[in-house]
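Biologist: Could you take me through this structure? I should like to start with the strands and then move to other topics.

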There are 2 protein chains.
Amino acid sequence: MDKLDAVLARIDANADAALERLFAVLRIRSISTDPAFAADCKACADWHAADLASIGFEASARPTAGHPIVVAHDRSATGPSALFYGHYDVQPVDPLDLWDHDPFEPKIETRPDGSKVIRARGAADDKGQLMTFVEACRAWKEVAGALPVPITILLEGEEESGGANLPGFLEANAAELKADIGLICDTNMWDAATPAITTMLRGLVGEEIIVTAADRDLHSGFYGSAATNPNHVVARILADLRDADGRVTLPGFYDGVPELDPALKKQWDALPFDPKHFLGAVGLSVPAGEKGRSVLEMTWSRPTCEVNGMGGGYQGDGFKTVIPSKASAKISFRLVFDQDPHKVREAFRAFVRARIPADCKVEFLEHGAGRAIRFPIEDPAFQKARQALTDEWGREAFFIGGGGSIPVTHMLKTSLGMDVILAGFGLEDDRIHSPNEKYDLQSFRKGMRSWARILAALAS
Amino acid sequence: MDKLDAVLARIDANADAALERLFAVLRIRSISTDPAFAADCKACADWHAADLASIGFEASARPTAGHPIVVAHDRSATGPSALFYGHYDVQPVDPLDLWDHDPFEPKIETRPDGSKVIRARGAADDKGQLMTFVEACRAWKEVAGALPVPITILLEGEEESGGANLPGFLEANAAELKADIGLICDTNMWDAATPAITTMLRGLVGEEIIVTAADRDLHSGFYGSAATNPNHVVARILADLRDADGRVTLPGFYDGVPELDPALKKQWDALPFDPKHFLGAVGLSVPAGEKGRSVLEMTWSRPTCEVNGMGGGYQGDGFKTVIPSKASAKISFRLVFDQDPHKVREAFRAFVRARIPADCKVEFLEHGAGRAIRFPIEDPAFQKARQALTDEWGREAFFIGGGGSIPVTHMLKTSLGMDVILAGFGLEDDRIHSPNEKYDLQSFRKGMRSWARILAALAS
């Protein structure tokens, strides 16, 4: 039995212990966007630092202006080095009443077909995924006494809340962190049977607007019509952002957005993808976006504008005839190709300001910005990783586009000059960012085995 | 000293005891729209029934399908009978952090000019106002041994939450409740020195829409653009409701809305009203409503559409890239002249349905409906009440229009065939429905005296 086979056997033999470790980290309420959970975020970082140290990494949870960043090194191997990135923070859990159980008390559920899922906030995004890599390292260390390649692990605690402190941290520690290739486990497979490496990712601009009209809430009977209602102002702005054909109306928004390369478009059109199934799985049937675009284009290669949150006035039970003082909205733009996040942000702010009445105010809050990114799929490291995934899953791994944004990917490219292999084992029904998030037990088990293989392949 | 003078002297002498009684009722958390406060509403009704019984009324808190209705009779006098209506329920108190103190722990504040205000939720709307009438009755009973005219007092507990049970109650008890004139103390003075009787009131239609798209919250990176975002659907509906000139766009909305009678318009234009002061007092400067209409027209004689609440997606601190499953809005229409509330509701629902994508659902919740109303200012009772107010305040009382809606007024007119004298002592800076609601101590004191005079005048 060669070393890799022994490592894979070890992973299988110790699968229950690995699951117990994952449950321990899933119990930590590391919601980064809510200041109430700052201590939990720190506890989660400390947990990971201690766990990685127990494997033999030189590990610490390093303070930032926000939540700590965990850095761990094991550079005893020779050969091309790798930097693995994951994030230990999770999304908020509201609305809590839609969860079937405590989001932070993980449990195994058996589905009607006998397959099992791990259910908890962060099961897939990203605790379950990042632990597949950590467990692969653990197995290599235990079986072979060393990792196949030199590895640095970096775990962020603010991926779900704007990631304000990561860019400065990467810059300040560039020499320590730079490696020959980046590895990230925060993406999906093509489907439950088919692995994939995501080689195109959209960028993101997150913005929040808070519109203030009167200096207090008003009675709509006394002031209605005469006093500006900020709900109307915000609704008008949100409605104006997209035209009747689903196109974003910001001037210059589509600058730097070419039509898709015909060869790639042809490949995508041939993918076994059924838009009716994709939408039907979440109770929808009619694609809502740009007219004349396929659903894969909409979600992989076209820029979008989505209102992620809006609110103003009385939202409780019953009715209150109020004109609120303030109304607000959170808006995200997904960017593709060469769209410039800063130009998009400025165009958005000018667009909003043009719609604010003279006696109202608008405040802007920035929630992250990152460019779109593409990686060279012809590069040997990508080919080796693809083969390793194909070997593990018994199906050829796809190179695919991705709709989400992983801002760190762009930073690794621009700040540290690294390409990144995005190999993840999530599935589209994982309900990440939603109530009842889950991660397939098979994703966890075969994910650990996949990384064990990829590490061996990178050393070859 | 005639009886009225003795009653007025008694009110002045007992002003502190009256204030203590008002404080007792202000401490009761009778928020009718929130089921969590149902027991408090019942306690408030019981408090009033006991208080009215202590004056000598035959009083009880009568159960309804919702909160109780208090009915009290003292019909020992002869002459034209009166039915006084007030409401003991109050608006919710959110956002609580904008209150300077506990909304249910009333206190007296002294302003820089030495004048005093009563600060608490309900201080003006309507507990302070309704107690001016109760205290006037108490003084008459104590001084003269009897009321000047036969009086029935009816106190509702659902005025701030749709008033679903009042129409049936009025109908079922019409013979018991009918009187020659209605009296209500739930309106404002013209200004702090000038009393007024409101003789035109707008009607109201309250509607809530809940739009559901996907059957769960989605990640905007994976589903953005392709999946319908209900925030966009609701924002589009809200934006479409008013055109660029501030007119409501519902088909048929302005049916039954004539231009104001030129003579009345001339009188209104001559009123000492400064729109800049009206808006400036709440931090605004630009009238937002229909182009070409004065602010008094906008708020007294023109129909309006206001979004009183809207919400969807993530509204907490930070950012969450979610496409929510649901988004919602609460919308009120103020009606004038002969607008039909049911036609407006149907037009609104058709308007909304036309904007719901094929794979989304919309649910409608009804929050009350009432027609606009006008009373005959030439009627002797109105002239007597006006003179009584003029006598108390030393300034001629105005007949004015009103922007708010008091649905019971219409019910008294249509169900019981009664005209209603709306004489109130609120002021535009009372912040009703807002944090830090107040009622001027002078309004309370001279309000009691005003009602004592009106009762004497109605008997003359």
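Modeller: Strand β11 (residues 304-313) of chain B pairs with β11(A) in the antiparallel sense, over 5 bridges. Strands here are DSSP runs (E, at least two residues; helices are H or I, at least four), numbered from the N terminus, and two strands pair if DSSP finds at least two bridges between them. This is a predicted model, in which local features need pLDDT of at least 70 and side-chain atom pairs count only at pLDDT 80 or more, whereas totals for chains, interfaces and linings use all residues. Residues are numbered from 1 along each chain as its sequence is written, chains are lettered from A and ligands numbered from 1 in the order in which they are written, and side-chain values use heavy atoms, without hydrogens and water.

Biologist: Which residue in β11(B) is the bridge partner of Gly313(A)?

Modeller: The partner is Gly309(B).

Biologist: How many residues does each chain bring to the contact?

Modeller: Chain A and chain B each contribute 91 residues, with contact meaning heavy atoms within 4.5 Å. Ser225(A), Met310(A) and Phe319(A) supply 11% of the area that chain A buries against chain B, more than any other three residues.

Biologist: And what area is buried between the two chains?

Modeller: About 7900 Å², with 53% of it on carbon and sulfur atoms. Buried area is the accessible area (1.4 Å probe) that two parts lose on being put together, summed over both.

Biologist: How many salt bridges and polar contacts cross the interface?

Modeller: The rule finds 0 salt bridges between chain A and chain B; it requires a side-chain nitrogen of Lys or Arg within 4 Å of a carboxyl oxygen of Asp or Glu. There are, however, 52 residue pairs in polar contact between the chains, both residues at pLDDT 80 or more. A polar contact is a pair of N or O atoms within 3.5 Å; within protein, one must be able to donate a hydrogen and the other to accept it, and residues adjacent in sequence count only if both atoms are side-chain atoms.

Biologist: Which element gives the largest share of chain A's side?

Modeller: Strand β11 of chain A does, with 10 residues.

Biologist: Changing topic, how many salt bridges are there over all chains?

Modeller: The count comes to 79. One of them joins the side chains of Arg121(A) and Glu437(A), at 2.7 Å from N to O. These two are 316 residues apart: Arg121(A) lies in the loop between β5 (116-119) and α4 (127-144), and Glu437(A) in the loop between β17 (420-423) and β18 (438-440) of chain A.

Biologist: Where is there a cis peptide bond in chain A?

Modeller: One joins Asp94(A) and Pro95(A), with omega about -5°. Pro95(A) sits in the loop between β3 (82-87) and β4 (107-110) of chain A.
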